[in-house]
Structure formats: C-alpha cells, structure tokens
Amino acid sequence: MRNLSAELASARAQLIRPSPVLSFGRLVRVNGLILSAAGGHFVLGQRYQVETEQGDWCEAEVVGFEPDQAFLMPLEPVSGVRAGARVRSVPDASSFWVSQALLGRVVDGLMQPLDGKGRLTEGERISAQLAAVNPLQKKGVSAPLDVGIRAINGLFTVGQGQRLGLFAGSGVGKSKLLGMMTRFTQADVVVVGLIGERGWEVKDFIEQCLGPDGLKKAVVVASPADQSPLLRLRAAELAHRLAAYYRDQGLNVLLLVDSLTRYAQAQREIALSVGEPPATKGYPPSVFSKLTQLVEKAGNSADSQGSMTAIYTVLAEGDDQQDPIADAARAILDGHIVLSRSLAERGHYPAIDIGASISRVMPHIVPEAQLKQAYKLKKLYSRYLQVQELIPLGAYQQGKDQELDQAVQLYPALELFLTQGLNQASSFTEAQHQLQQLLGS
C-alpha cells in the first residue's frame, strides 16, 4: 500500500499541467462609453482587452451584462475598434506590488507609475480588493489628531481614525485647506487620492502642497477629469486599499481624497451608461451605495495598532449644502467642516463656517474644559453675527445684554483665533492654550 502511494505521488509530480485555453469574445456594439461583447466568458468586475485595427489591445472592465452580451467600459480612450474585434481576459489583474518603496511615488488608478521612476515590481503582492470588516472588529476613535489648523484643533478636534468631510462650493478654498492639513498633520504615511480634478492641479498639489519633504512619506494616486470614469473610480478605491495596507503595518495613516463628489459623478456616468434609471436629481441608487461602501473602508481596525484617518472634500454644487451627494456624505461621515463663500469673500481664511461645522468624535477625545470653551466661542460668535449689521448704523446699544456685549468686545480676538496664514501651523496644544486664554474656564 505504501509503495502504491509513493508511486502515485511520483507519477503526479511528473504530470505536466497543460496550458490554459484562452477564450475570446467578440465586440458586437459600441454605444457611447459602453462596449458590448458576446461569445466569451465574462465576469463582473474583471478586466479585459479589446483588439484594435492596428493590432493593439485597449483595456476595459465588465460593468454589467445581459443573457447574450456583456457591457465593458474602457479604461483608456478607444479608437480603431471594429465590429467583430476579439476580446480577451487579462490574467492576474486583481493584485499589485506594494512596499515601503512605494512612498514618494505617483501612480494612476491601475497602479501604473506617472512619475517616470520605473515600474513597481517588488515587495508584497496584495489583492486590489479590500475585504469588508465586521463592524464589531472596528476599533473606535480614542485619541486626537493634530492637523495644524487652529480652528479645527480647537473647535472641531479630529480623532485618529475619523472620517471627516470638507464641504464647500467651487473656489472657496477646499484644496488649499487640504494642502495645509497635508503639510501640518503628524502622520507616518500620507495617501493622497486626486480624483477627477484638473490635470494641472495634480502637479501643483505635489509641488506646492506636499513639497519634496512631504512627498517622501506620501503616495499619490491621481486620476484627472479627462480620464475614464471607471479609472477615476478605481483610483479612489486604490487610495483606500493602500491606506489600509499601511495601517495594517502598524503605521498612522492620513488618507486625503479630493474629491468624493467626483467619485460619485464617475459612478453616475457608469450607472447611466449601463441603463440604471436615475433617482435623486439624476443620481442612480448605486451611487449612494458606492459612497457608503467606500467610506466604510476607512477607519481603524482592531487587528492593527495603526490608524487610518480619512479626510474627503465634498463639492456642494452652487453652494447648495442640500445637494444629494453633500447630504449623503454628511450622513455617513463622522464630521464635516463647512467652508463659507461669504467668509472667503471677506478675506477670512480658512473660511470655516463654525456654526455649520461639527466633529462627532470631539466630545469623546478632548477634556471637558475644552469642549465647554468651544461651545462658548461658537455661541459668542453667533451672537455677534446677529448684530453685525446694526453696529455701523449705530442701532446697537451696549449694556442691555451682557452676553451680547461680551461677544462684541471679544469679536476681534475671535476673528484672530479663527484665521490662519497659509504657511502658518498651529499645534493642538497651542490651540488649547489660546482657547483657554481667550475664554478662560
């Protein structure tokens, strides 16, 4: 019996595995952004290549199918395709190399280098998909994170592992504030996802916001507005996957995504292209599902000593804070910083609307005294705004309301506390001290 087992093992070892059969589908239709293919073995989410007349292969991904055909969306501009063109699957496209050597690099949504420093072919090979985490296995937020912005450190303290949104219309200073937080936040690794922004902003962010020193501990995943919506989607998901990898190495990670709105718009383009009906103001239901799935990938894990703090910019179109994406993001994030156009027009930077902003984790991570001082400052600032227009007219009379008198008296100091220079950092300890000096106990 033993000899038979040994002979079988020896025979099995000598077997030569045959080459896998490569199955080809055929391109049957091109409709807008969608390529329809039939005849092959198509799997949702898998990557494929379509042959062009020049003999090149352009990459696409399956985003939907019907009984007799699959719908593919190209990851790059497509030209020179014809009816009947061959469609083949791409082997081993769901994993990539990652290591500490990735720090300082700029890649696209497919992990292809954009900085001309060569391909990434060393380190640990990990799956591109980030597994869902049991909610009971997530670690809570228990320690503050110093972001270097006095108003945020003092009034809307960010915690290690928090998911925070920066909400504003266009041109109000979201990207500038994000750049300040990038430079000033104390983190071991910074992962930046530039999703759907203008092409020149990628280089500007790297050179002006990160700088040479900041880039050394950062990974930038960029997918500008002129790229495929599918590539923009993958870039945002890749940024979360990389941040989770470094978090699981025990590092404190800061994830910056600019912007969550462009991610939602990319998913809208894909969903409408495959025939999903629009629901809320032109956004199909899958958009809101995708937003939740993406944001839930950020945060801390009970299996790691590291942390993963995520900051997302959210574009409120037309300064409408009830925009569907802004409203959905506000519900799923752990806090939001709202930037006001009226403050920006007055030269008040960062233009944080302290009445509309909130940090949901702040009450759990700061001393009670700081919490009371933050509430008091917000109340005094709000009271001053009630009479701001009356003061130049001489309609305000001092002595009738003690709290209002205090608000008017302290307003210049409050304004000084809330404003900050673009290259001026203010630590968490300094913010606490200045808040104490301004308002006392």
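1. Two strands count as paired if DSSP finds at least two bridges between them. Strands S8 and S14 (residues 218-223) meet that condition, being joined by two bridges, and they run parallel. Within this pair, Val-107 is placed opposite Val-221 of S14. The model discussed in this note is a predicted one.

2. Overall make-up. The protein chain contains 13 helices and 18 strands. Its C-alpha trace spans about 100 × 55 × 40 Å along the principal axes. Of its 441 residues, 50% count as buried. If one takes the contacts between residues at least 6 apart in sequence, 71% of them join residues at least 24 apart.

3. The open sheet. The pair S8 and S14 belongs to an open sheet of eight strands. Reading across this sheet, the order is S8-S14-S13-S15-S16-S12-S17-S18, and the pairing is mixed. Its edge strands are S8 (106-107) and S18 (358-359), each of which pairs on one side only. In general, the strands of a sheet pair through backbone hydrogen bonds, in either a parallel or an antiparallel manner.

4. Helices on the open sheet. Which strands does helix H4 touch? H4 (residues 199-215) packs on the sheet and touches S8, S13 (189-195) and S14. The direction of H4 makes about 170° with that of S14. Helix H8 (residues 324-332) lies across S12 (163-168), S16 (307-315) and S17 (335-338). The angle at which H8 runs to S12 is about 155°.

5. The barrel. Six strands close into a barrel with antiparallel pairing, in the order S1-S2-S5-S4-S3-S6. From one strand to the next, the twist averages 45°. Strand S1 (residues 24-31) is joined to S2 by five bridges, and the two run antiparallel. Here Val-30 stands opposite Leu-35 of S2.

6. Strand S5 and its partners. On one side of the pairing, S2 (residues 34-38) is linked to S5 by three bridges in an antiparallel arrangement, and Leu-35 faces Leu-72 of S5. Leu-35 thus appears twice in this description, as it also stands opposite Val-30. Strand S4 (residues 57-66) is linked to S5 by six bridges, again antiparallel. Glu-66 is opposite Gln-69 in S5. S4 and S5 form a hairpin, with two residues between them.

7. Burial of S5. Is strand S5 (residues 69-74) mostly covered or mostly open? It is mostly covered, since six of its six residues are buried, a label that means under 20% relative accessible area. In a regular strand, side chains alternate between the two faces of the sheet. Both faces of S5 are covered. On one side the buried residues are Gln-69, Phe-71 and Met-73, and on the other they are Ala-70, Leu-72 and Pro-74.

8. Helices H11 and H13. Two packed helices are described by the angle between their axes and by the distance between those axes. H11 (residues 368-387) and H13 (residues 428-439) pack at about 60°, with axes 10 Å apart. H11 and H13 are therefore oblique to each other. The crossing of H11 past H13 is left-handed. From H11, the residues Gln-370, Gln-373, Ala-374, Lys-376, Leu-377 and Leu-380 take part, and they meet Phe-428, Gln-432, Leu-435, Gln-436, Leu-438 and Leu-439 of H13. Sorted by class, this contact of H11 with H13 has seven nonpolar, four polar and one charged residues.

9. Helices H12 and H13. H12 and H13 pack at an angle of about 175°, and their axes are 11 Å apart. H12 and H13 are therefore roughly antiparallel, because angles over 145 degrees are counted that way. In this contact Leu-410, Ala-413, Leu-414 and Phe-417 of H12 meet Ala-431, Gln-434, Leu-435, Leu-438 and Leu-439 of H13. By class, the residues of the contact of H12 with H13 are eight nonpolar, one polar and no charged.

10. Gln-409. This residue lies in helix H12 (residues 402-418). Is Gln-409 buried or exposed? Its relative accessible area is 67%, and exposed means over 50%, so Gln-409 is exposed. Gln-409 and Tyr-384 are 25 residues apart along the chain, and their C-alpha atoms are separated by 9.2 Å.

Key:
Residues are numbered from 1 along each chain as its sequence is written. This is a predicted model: local features need pLDDT of at least 70, side-chain atom pairs count only at pLDDT 80 or more; totals for chains, interfaces and linings use all residues. Side-chain values use heavy atoms; hydrogens and water are left out. Helices (H or I, at least four residues) and strands (E, at least two) are DSSP runs, numbered from the N terminus. Contact means heavy atoms within 4.5 Å. Axes are lines fitted to C-alpha atoms, for helices over the stretch in contact, and angles run from 0 to 180 degrees between N-to-C directions. Buried means under 20% relative accessible area, exposed over 50%, partly exposed in between (1.4 Å probe, protein chains only). Angles under 35 degrees count as roughly parallel, over 145 as roughly antiparallel, 65 to 115 as roughly perpendicular and the rest as oblique. A crossing is left-handed if the near helix is turned anticlockwise from the far one by less than a right angle, and right-handed if clockwise. Ala, Val, Leu, Ile, Met, Phe, Trp, Tyr, Cys and Pro count as nonpolar, Asp, Glu, Lys and Arg as charged, and the others, Gly among them, as polar.
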